[in-house]
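Colleague: I'm new to this one. Could you take me through how you arrive at the labels you use?

Modeller: Gladly! Let's look at it together.

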Amino acid sequence: MSISKVDDRISERLVSARLNSTPLPNFPGPLPTSLDQAYAIQSASINRWHDYVVAWKVAKLPEIDRGRFPAERLIGPVFKSSLRRVEPGACTVMPVYEGGFTAIEAEYALELGATIQPSGREYSDNELADLVDAVYGVAEIASSPIALLNAIGAMAVIPDFGGNCGLVVGPEIDDWRTAPSRSLTASVTVDGKKVGESTIEGIDQDPLQTVRALIEICSERGIQLPKGTLISTGALTGVHDMGVSSTAQVDFGLFGSFEVTFEAATPIA
């Protein structure tokens, strides 16, 4: 989809705010009115960014947008420089946008074992499962220079890289296809207080459907998904607001836990 001069200017302002770690009081221009327009701005911003995509976050549309648009989920890119791998029990530091919006989400990430071309092909559940080479417990770091990003809704979230600021990849979920019922747990503790926990029946249920959503959206946009791409499949315990001085522990039960601390992002040269 071609992009208008107004939308290209919005992309330029969104990228500039991230590169310069500058808070934005609101969305920098008129909100898109369609998913196509929102993703066109996102694509323009990806092309402006000084990095390449190694993962995608997939999330359900904000509640205020459900029913307004012909989709259940939205996507956003995760860049190589904002992906961290951490061993069980270890801690990593993530930069976030001070004065903007910051949150942490416990999720599972599915790693593609094959390259997927933008063909429009439909996949069965079994075919989707066969595409997954590995599964990890992860934390999505959601942060944006726009403090009211989620309150504005999908038409702001999608253009601003889906609200993503990084991905922390933790323990591998061994034998995920045969994991015992109720062994797939997750919890998040912020500054010593547990703020959310959940248990899911299996990776082959709702998390796997995020792969389908990503393939469909990327196919419509002509985007190839290379082998090794990670797909972060949506918040398990909720979206937990964080401050720059906070510490979060993300725990995946039998598979291990890790900690994340935060620091204010500095301008990128």
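Colleague: What makes Thr189 count as buried or exposed?

Modeller: Keep in mind that this is a predicted model. Thr189 has a relative accessible area of 14%. Buried means under 20%, so Thr189 is called buried.

Colleague: Where is Thr189 placed, and which residues does Thr189 touch?

Modeller: Thr189 belongs to strand S8. Leaving aside residues up to four places away in sequence, Thr189 touches Lys194, Val195, Thr247, Ala248 and Gln249.

Colleague: How do you know that S8 and S9 pair?

Modeller: Pairing takes at least two bridges. Seven bridges join strand S8, residues 184–190, to S9, so the two count as paired, and they run antiparallel. As an example, Ser187 stands opposite Glu197 in S9.

Colleague: Which strands make up the sheet, and in what order?

Modeller: The open sheet has five strands, ordered S4-S13-S12-S8-S9, with mixed pairing.

Colleague: Why are S4 and S9 called edge strands?

Modeller: Strand S4 (91–96) and strand S9 (193–200) each pair on one side only. On average, neighbouring strands of this sheet are turned by 20° against each other, direction ignored.

Colleague: Why does Cys91 form no disulfide?

Modeller: A disulfide needs two cysteine sulfur atoms within 2.5 Å. The closest cysteine sulfur to that of Cys91 is in Cys165, 16 Å away, so it is too far for a bond. The count for the model comes to zero disulfides.

Colleague: And are Cys91 and Cys218 buried, exposed or in between?

Modeller: Cys91 has 43% relative accessibility, so it is partly exposed. Cys218 is at 0%, so it is buried.

Definitions and conventions. Residues are numbered from 1 along each chain as its sequence is written. This is a predicted model: local features need pLDDT of at least 70, side-chain atom pairs count only at pLDDT 80 or more; totals for chains, interfaces and linings use all residues. Side-chain values use heavy atoms; hydrogens and water are left out. Helices (H or I, at least four residues) and strands (E, at least two) are DSSP runs, numbered from the N terminus. Axes are lines fitted to C-alpha atoms, for helices over the stretch in contact, and angles run from 0 to 180 degrees between N-to-C directions. Buried means under 20% relative accessible area, exposed over 50%, partly exposed in between (1.4 Å probe, protein chains only). Contact means heavy atoms within 4.5 Å.
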